[in-house]
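Hi there,

Here is the structure I promised to pass on. Have a look at it first, and then read my notes on the cysteines and the nonpolar cores below.

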Amino acid sequence: MTIQLQQTSYQKSEYERPSQKWVCGWAVRGRPCEMGPDGKGRCTARFQTQCTPRREGDRWYCNRLETFGGPCARGPLPDGSCCRPEPEHPICQPRLSIRAKRSRLILASITLTFGALITLIAGPWRMSFISPGSLSSSHLAIEGESGTTNNCAICHNAAEATGSKEKAAFGVGIPGSAPEDMLASGRDLHESMKCLTCHFTKSQQTASFVHSLPPEQLAEISKRVASNAESTNGPPTAKLTLASLLGSPPQSERGEMACSACHREHRGRHHDLTFMDDTRCQVCHAVQFKSFNHGHPKFSLVARTAGGMQFNHGRHQETHFGDSEFRCTRCHMPDNAGQTMLLKPFAQSCAGCHSGGRTDHHAEEIQKNVLNILQLPEMEFDDDLYWPLDCALGDEEMPLMMWLFLAGDDEALDALSDLYSEADGIPIDWEPENQSLKPQLASAIKRLIHDLVRKDDHIWRTRIAKALDTTATDPHVAALAEQLGAATFVMLAYQQHCLPLLADDIEGKNIEGDEEVDEVDWTLPTGSSGWFIDSDYLSVNYRPVGHADRLLKKWIDAIVNHTSTMPSDSIREQFRQQILEQLISRKAGGFLYGACIRCHNVDRIGSRYRVNWFAAGRERGASGYAKFNHRPHMAMLREADNCQQCHKLATTSEAHHLPRSFLAHDKSKCASCHAPGRANNSCLNCHDYHVHRP
Amino acid sequence: MMTFAARRWLAGIIGTLVTAAIVAVLWASSLSINHTAHLSGWLLLATLLFLASYNLRKKMPYPPLIKSSTWLQFHIYVGLLSILLFVCHTGIRLPNGPFETVMAALYACVAITGIIGLMLSRIIPSRLAVRGPEVLYERIPSFRRQLRKQAEQLAVDSVQETNLTTLSDFYAKRLADYFRGPRDYWRHLFQSSRPRHEIVSSLRSLNRYLNDQERRIADKLEELIENKDTLDYHHAMQGTLKGWLFVHIPLTYVLLLFVAVHVWLVHAFFGGIR
């Protein structure tokens, strides 16, 4: 620029106020006034050229500022007003400064955006608007048609306000469905529970826990795995170490983890919800390693308590078959998918040998076992009490099942508590101080018989439920009560024979004289199956009808599933623990040991028991989470039935240490194919996260 | 006092280290089953709030919260970091929900306008420095008026002194409108000198019809034209420097509104255990 436009003199240079809200309207035309508008956007031109005259004595003096030209020559008028009635500078319409315009634009943008957001979020399209993206194809049914329906409420609590209809359509909120159950049990209803509305699992109550296991059980497994870790595992990768340091698993204090921690939705139609890379799997684990081929622990043996029936393959091979006859397919067959080798039904696999003779403990032989259900203990009374002394031949013992039924009688519980001696077990503890309890026990037994002869399912259920410390609607209670229905006829005969005036006695009527005990005309032959009265011992007994006898199975299920492995102060719990111990213990000669438990062994899992009715399945595998698909591996077998390439039987000397007599699988055999660049060697290829697949 | 190059090196090294640390933490977190989006989301929100606070800082002369130029440096580096965080947060994928798509588009606009602004603030001042003395943007209309008045006076003088109307006619036809307001905004923005050449050429083409006295006046007019062209250049450049903020800042506040709703939605619809 060649012309000096900018005046730098303090009197000539204009004073700019870019940060003020208003600027002179004449500034655009290049001649702004010096004062500029006031703070409210009003032109101050009038005040720039006029003055407010100052009076000294009888004279008025102009006091116009030097900035506006100084005092004028004419001076104020005689009346003291300014001599310039009209402003010299035309009045302008002030304009907003650049900064003020920007501020207004910002304010307008915020206001419009806020309004638009409120409109969209409050409107019927809000769920479509705020949706972070489409669901995966497997959840397409939830998404439904896009539009105004509030399907979000099916999965999200926050959307529940108006989504009750859609919730009901998917079963959310229906009494008895999983979330309601969780709520009723005092647990927080979090959104993961809604997943379980559709994804039912066998372990519904523990589904939200890590690996669907109670925290104490998982801690026990982790401790065991960590203690068994091999020193040859080698250090984990730096990536894994870093991830472990920074990424603790997102679980609650109770050990629960949200489904969304792994299954992340709204990632589009083709998103794989089940994908999980190896690092993410390992970051929580106690034992970490580089990969399946580098550092993965050797395959361990299946512990005897890890589930599945007891069966000694080695002994059966050596003792009964020999190498040539001991073919896997005699007892096993692949499932429809070829994935799992199933055990054939009993009739096809075991009954061929175990249907008679000395080894028959499932068919006819099982019928030799007799289960004593009801027998009156031998008691004498000082008072005149209605009690059939001729029928009471049970010495000082009562059958185990009778103890259980008596435990369901609230009135009898105190007496039973005193008569029960933990040290001696179930036999009645007739110490001198307990002699006075005989009438109470007699009354309790009579009430029991009275209940059993009445064909009233509700009474049976109530008594069994109390004995098991559960509810009358418990499926185990219902199943056991149902079996008692078949005993009514025998119970009635027993009552009419031993206690014919029981009803009157229960009602409190006075019964005079000793009643004659009638001959039992219709006691069943002692060799037959089912319920019968033993006329020699005057007891009600039950003889199993054969393999998978329903009463035995229901009874075992009821007591196994309602007995804790932990010490308890509850007298009923102590009864159940003692009964279970005497029933299943081989050492105690438990009745059920020979009949059922010898093969269908009972496991202790944490604080609970579990009876193994079936052969070990996928979910009961080596680690509890391993899976194996037999079909693609069948092609590797050189012979049609050469399963022992992988399933190697142990020698006789080491077989008794091993479950089902098999040696541990050889990892190197798997790793020869499952290696980088060859077959898949990721964690999920062989392991499931969920102990029961949802 | 550090040199500009030293400051640039220092800022570059610190920025690289901070970026590497954040990326490492996010990457390590992504290896576990934690939702990395939570961590990256909160970091991104913190950076957005910091970036937006620069505008507030400029409006608050007191208390003296670090020099504005230092704030600007942080604003630039944190802004570049926020782009990285945004990529980490969204997982290098396009959002497919309407709300998130709009929000991502808003962020993209804010980031792009920010980068454009950074480029403008680096390019324009150096160009202005070689085109005349420093001129305050607010005073450009006043200076333009001075030039117009001088040009008008020259046109009047040419008539009075020579009794010829060649220059006054030319002024009335071409120069009056030229001096009235800013001209050729986009041409100046793209460094085109054609507007000045066109009008100067027109004036010079009159030379053959002018006498000596008129030529002296025409030379003065040409000087005024060149000064007016410089003023227009300053107007275009400084206007652009101020104008991009009319996009960048309002979009920032709109984005913050969306982010607030986004945070609320994420926590309301979080599928985890509370």
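The link between Cys391(A) and Cys498(A) is left-handed, with -90° about the S-S bond. Please keep in mind that this is a predicted model. The S to S distance in this disulfide is 2.3 Å, and the count over all chains comes to one. The pair ties together distant parts of the chain, 107 residues apart: Cys391(A) sits in the loop between strand E7 (371-374) and helix H13 (400-406), while Cys498(A) belongs to helix H18 (residues 488-498) of chain A. Both cysteines, Cys391(A) and Cys498(A), are buried.

Why is Cys83(A) not bonded to Cys72(A)? The closest cysteine sulfur to that of Cys83(A) is the one in Cys72(A), and at 3.4 Å it is too far for a bond, because a disulfide needs the two sulfur atoms within 2.5 Å. Cys83(A) is buried too, with a relative accessible area of 8%. Cys350(A) is likewise in no disulfide, its nearest cysteine sulfur being that of Cys331(A), 5.9 Å away.

Now to the cores. The largest nonpolar core has 76 residues, and among those with the most contacts inside it are Leu374(A), Leu406(A), Ile445(A) and Trp531(A). Helix H15 (residues 438-453) of chain A gives the largest share of this core, eight residues. Beyond its neighbours within four places in sequence, Leu406(A) is in contact with residues including Met398(A), Leu441(A), Ile445(A) and Arg463(A). A second, separate core has 44 residues, including Ala111(B) and Leu189(B).

Best wishes

Definitions and conventions. Residues numbered from 1 in each chain as written. Chains lettered and ligands numbered in written order. Predicted model: local features only at pLDDT ≥ 70, side-chain atom pairs only at ≥ 80, totals over all residues. Heavy atoms only, no water. Core = buried A, V, L, I, M, F, W, Y, C linked by side-chain atoms within 4.5 Å. Buried < 20%, exposed > 50% of the residue type's maximum accessible area, 1.4 Å probe, protein only. Helix = DSSP H or I, 4+ residues; strand = E, 2+ residues; numbered from the N terminus. Contact = heavy atoms within 4.5 Å.
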